[in-house]
Amino acid sequence: MKVLILIGNVPDTNTKVKFNADRTAFDTAGVQWIINPWDELALTRALEVKEAQAGAIESITVANVGRVETEATLRKALAIGADKAFRIDADPADAYTVAAQLAPHCKEYDIIFAGVEASDYNGNAVGPMLAELLDIPSIAGVSGFNVENGKAVFTREIDGGSQTVTAPVPVMAIVQKGIAKEPRIPAMRGIMMARTKPLQVIPPQAVDARMKYAGFDLPPAKAACKKFTEEQARELIHALRDEAKAL
Amino acid sequence: MSVIAYIPNQEGIIKKAGFELASFAAALAEKMGLQAKAVVLGPMADEEMKKLGQYGIAKVMHDANESFGLLDNRATAKALATAAAEASVVVLAHNNEGKGVAPRLALRLQAGYVSAISGLPSSVEPFVVNKVVFTGKAIGHASINTDKKVVTLSFNSFGLHEKAVDATIEAFNSGCSASDFALSVQQTQKVTGKVLLSEAEIVVSGGRGMKSPDNWGAIEELANLLGAATACSRPVSDEGWRPHGEHVGQTGKIIAPNLYFAFGISGAIQHLGGVSGSKVIVAVNKDPEAPIFEAADYGIVGDALKVLPEFIEAVKELKKSH
Amino acid sequence: MNFEFTEEQLMIQQAARDYAQRELITDVLERDRTGDFPHKHVKALSELGFLGMMVSPEWDGGGMDTVSYVLAMEELSKVDASVSVIMSVNNSLVCYGLEKYGNDFQREKYLKPLARGEKIGAFLLSEPEAGSDATSQRTMAVDMGDYYLVNGTKNWITNGNSASTYLLIVQTDPAKKHKGITALIVEKDSPGITLGPHEDKMGMRSSDTHSVMFNDVKVPKENRIGEEGFGFTFAMKTLEGGRIGIAAQALGLASGALERAIAYAKERKAFGTAIANHQAIAFKLADMAVKVENARNLCLKAAWLKDQGKPYGYASSMAKQYAADIAMEVTTEAVQIHGGYGYVKEYHVERLMREAKLTQIYEGTSEIQKIIISRELLK
């Protein structure tokens, strides 16, 4: 099976979020970029399966849509263990443009993984849109993945429980937490090997975005916390009922 | 032209999230001068669907094909595209199904798509909706420049708004046949007898300050008394004290209940990203400098293990006096 | 001039940071209390390749440069200097010494397992009566034909118990004084080696420091590094590189304390505002930041010179002396900024302060570094 993992290039989760003067764009100055956490978990799980079962996964490719400065995250994915990478050299204006740029280059893969959302604009659309463009089934809320007797088996979270699901390939899995315990830290050997792994740069096509951000605001400041002592614990519960009307 | 709400069908039942979507669709339709409709897929009794009328839905389109229970996102998107041929806006729940279906539907309708919006558009022309971005650190004003729009609505962000009309139920043929359903479900595990985290109005959550998984009895007792769901911080699920499904935070579940209790949770920025949408936050932590107090509305600097029994007694008293 | 790091250097920095912030932090306080050796961390860091990161891939190492090593040492030391000193000794004393001055037989047999992190090494120079003065070695190795017979005692040996491979500095010809000093590779389980107790140290408590006693220990001649009499040069050259590791460790202690002090000063309130808004605290933070940045630049300069194949002993002495001294100052100020919280173990800064003290002492005290620097100046 050939596996493709879509890699989002997002600000580190500790980043202090700032915008430009007229608040129409995110200020990327000084931002540390990381692999979108869910994408990294998908990669980790794919590597676990590849290592545990010889032949179950033939290759793991990672891909993104972005400019040259996003190559560091792809290179990290290669250092962690992906076999090859490609980058489509375009600005990821919205989920639709990303999916449309990717679609022509994703036909050879049996399983495509995408993170449930990206930790920047908190979208969740690239994976399902790409699946639609490729006309392949997609499974949402995937928290488990394995290959059993040559077939892909997924666990997905649904309202009120979880299910074991199979699907014919090619298939898109939208991944959430639980699919792997923790992302891997790249080893020196991996970092060294990543130097010579293929990272193909593909020129973009013309695609028009279908949504954009007109502007941003910082969330309104919160009123100060009302402090109670341990001894006043019961009074706090009364305040929740009488004052906050939350009980 | 209409605004269509896709109502989650939970084994023939419509839950709060479904009525919230109905309320939202009705309010948006009114704002845009359109009709509010709903789509239900899979088996459901007419009386159940009629309930949507209480929230302003005039027409419910229903395809009873039970294969929709497979939650095959491709098939569901196809069915909704048929139902929404005339629609201006389609709104879905921001649950796993909605997240998986809505983008596919947007492509089928050649519509712009925004996920996890938190209320009515601030402007209809151009169509601008607000959504939380950077995991709670900012609010984005997302503008859709296509004729049709698809959005998902964050749970508990709009609330229920009654507006009784008589809902007519109309069977429709979504055009989905057996060959459209590719997924097969091998096994289903239900979580029963517990309030679901994603639907809970009150959530009681514990962090490493709870010291040991053995101390979760008090969290569960308080949750039971309040009809609340239980949750935990990341270190707690990483340690295996609680299942991963309970982890709330940036990489876990993102929740927005009316009331969130954080016991022994320091409030790392990644945790706050998952709970900052809560209407009221109560924090109990020994460390007066813990960042959770910055996000909290009510707080106690103290030992969660001492405060929990006090809360439990106080809630019992309140219940008695009612 | 170019102050940009490469993509790879940043990746290594991030990997070290991730490991430190995700794993070391979970039990560092506990190990500070118990003094238990961090077996699981040494194993994990070996698997990640940190223990032999600068060794050439030809000898199973990571093939990374010294700049990357400094970045990794800083990140690990921010959280746990006990673990980083294990890595420093293995990399920049033992592996470096074997790779640079050993022969292929020795590299194959001893360097490879060290570079892979399967075994760890120790560097045995200090003696009860010869700490800073490396010229007066009393541990004797007597030529017995095809082996040396070693007798004597070494002190303050980092990795003393956990190491399998010792690089041992001995006297083979006392008449020649420091020109009679020789370096030997000794396997720790050789008959006649006994260990003193785990030293109960002020800081870096989970690195195992021991004295090591040699009583008629036979060391085959094939384990001699270079010729007889090469030992002093070997030790001095190897320590030049070792100083970069300890300088980076001191840097990490300082920058870790600074990060904690900044975070605390922004959170902690006094007189109705965060203490960071009081100039007394803000200026302290500014002074600390300047020192940390200077130390970092000195460390990176020494590392860069080494990577360029240029002489770096003078630069590494400056880096070590300065970084160690400011680590003591910065960690002390971090405790002060934390007030009472700084004096309790939970907040880490008192531990960083205790650990900083050792960086002024081991692998050449600050005073020894000043001797090296001033001699170079006055040449």
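Which strand of chain B does strand 12 of chain A join, and how many bridges link the two? The legends below take up this question along with several other close-ups. This is a predicted model, in which local features need pLDDT of at least 70, side-chain atom pairs count only at pLDDT 80 or more, and totals for chains, interfaces and linings use all residues. Residues are numbered from 1 along each chain as its sequence is written, chains are lettered from A and ligands numbered from 1 in the order in which they are written, and side-chain values use heavy atoms, with hydrogens and water left out.

**Figure 1. A strand pairing between chain A and chain B.**
Here is the reply to the opening question: strand 12 of chain A runs antiparallel to strand 7 (residues 138–144) of chain B, and six bridges join them. Strands (E, at least two residues) and helices (H or I, at least four) are DSSP runs numbered from the N terminus, and two strands pair if DSSP finds at least two bridges between them. To find your way in this view, start at A:Asp217, whose bridge partner in strand 7 of chain B is B:Ile139.

**Figure 2. The interface of chain A and chain B.**
In this view, 81 residues of chain A are in contact with 92 residues of chain B, where contact means heavy atoms within 4.5 Å. The two chains bury about 7400 Å² between them, with 54% of it on carbon and sulfur atoms; buried area is the accessible area (1.4 Å probe) that two parts lose on being put together, summed over both. A:Lys177, A:Arg210 and A:Arg234 are worth picking out: they supply 10% of the area that chain A buries against chain B, more than any other three residues.

**Figure 3. Polar and charged links between chain A and chain B.**
Seven salt bridges cross the interface of chain A and chain B, a salt bridge being a side-chain nitrogen of Lys or Arg within 4 Å of a carboxyl oxygen of Asp or Glu. One to look for joins the side chains of A:Lys177 and B:Asp238 (4.0 Å, N to O). There are also 39 residue pairs in polar contact between chain A and chain B (both at pLDDT 80 or more). A polar contact is a pair of N or O atoms within 3.5 Å; within protein, one must be able to donate a hydrogen and the other to accept it, and residues adjacent in sequence count only if both atoms are side-chain atoms. Several elements of chain A each supply at least two residues of the side that touches chain B, among them helix 1 (37–52), strand 8 (151–158) and helix 6 (233–242). Helix 6 of chain A gives the most to that side, with eight residues. By class, the side of chain A that touches chain B has 42 nonpolar, 19 polar and 20 charged residues. Ala, Val, Leu, Ile, Met, Phe, Trp, Tyr, Cys and Pro count as nonpolar, Asp, Glu, Lys and Arg as charged, and the others, Gly among them, as polar.

**Figure 4. Where chain C meets chain B and chain A.**
Chain B brings five residues to its contact with chain C, which brings six. About 460 Å² is buried between chain B and chain C, 37% of it on carbon and sulfur atoms. The interface of chain B and chain C has two salt bridges, including the one between the side chains of C:Arg268 and B:Glu289 (3.3 Å, N to O). On the side of chain B that touches chain C are two nonpolar, no polar and three charged residues. Turning to chain A, a salt bridge links the side chains of A:Arg75 and C:Glu7 (3.6 Å, N to O). A:Arg75 lies in helix 2 (residues 71–80) of chain A and C:Glu7 in helix 1 (residues 7–34) of chain C, so the pair joins two chains.

**Figure 5. Domain 2 and domain 3 of chain C.**
An automatic or database domain assignment sets the bounds, giving chain C domain 1 (7–115), domain 2 (121–231) and domain 3 (233–377). The centres of domain 2 and domain 3 of chain C, taken over C-alpha atoms, are 30 Å apart. Between these two domains of chain C, about 1200 Å² is buried, with 77% from carbon and sulfur atoms. The count of salt bridges between domain 2 and domain 3 of chain C is zero, while six residue pairs are in polar contact (both at pLDDT 80 or more).

**Figure 6. Paired strands in chain C.**
Strand 2 (residues 140–143) and strand 3 (residues 147–158) of chain C run antiparallel, joined by four bridges, and C:Met140 stands opposite C:Asn151. Their hairpin has three residues between the strands, and there C:Gly145 takes a positive phi near 100 degrees. Strand 3 of chain C also pairs with strand 7 (residues 209–220) of chain C, in the antiparallel sense over nine bridges.
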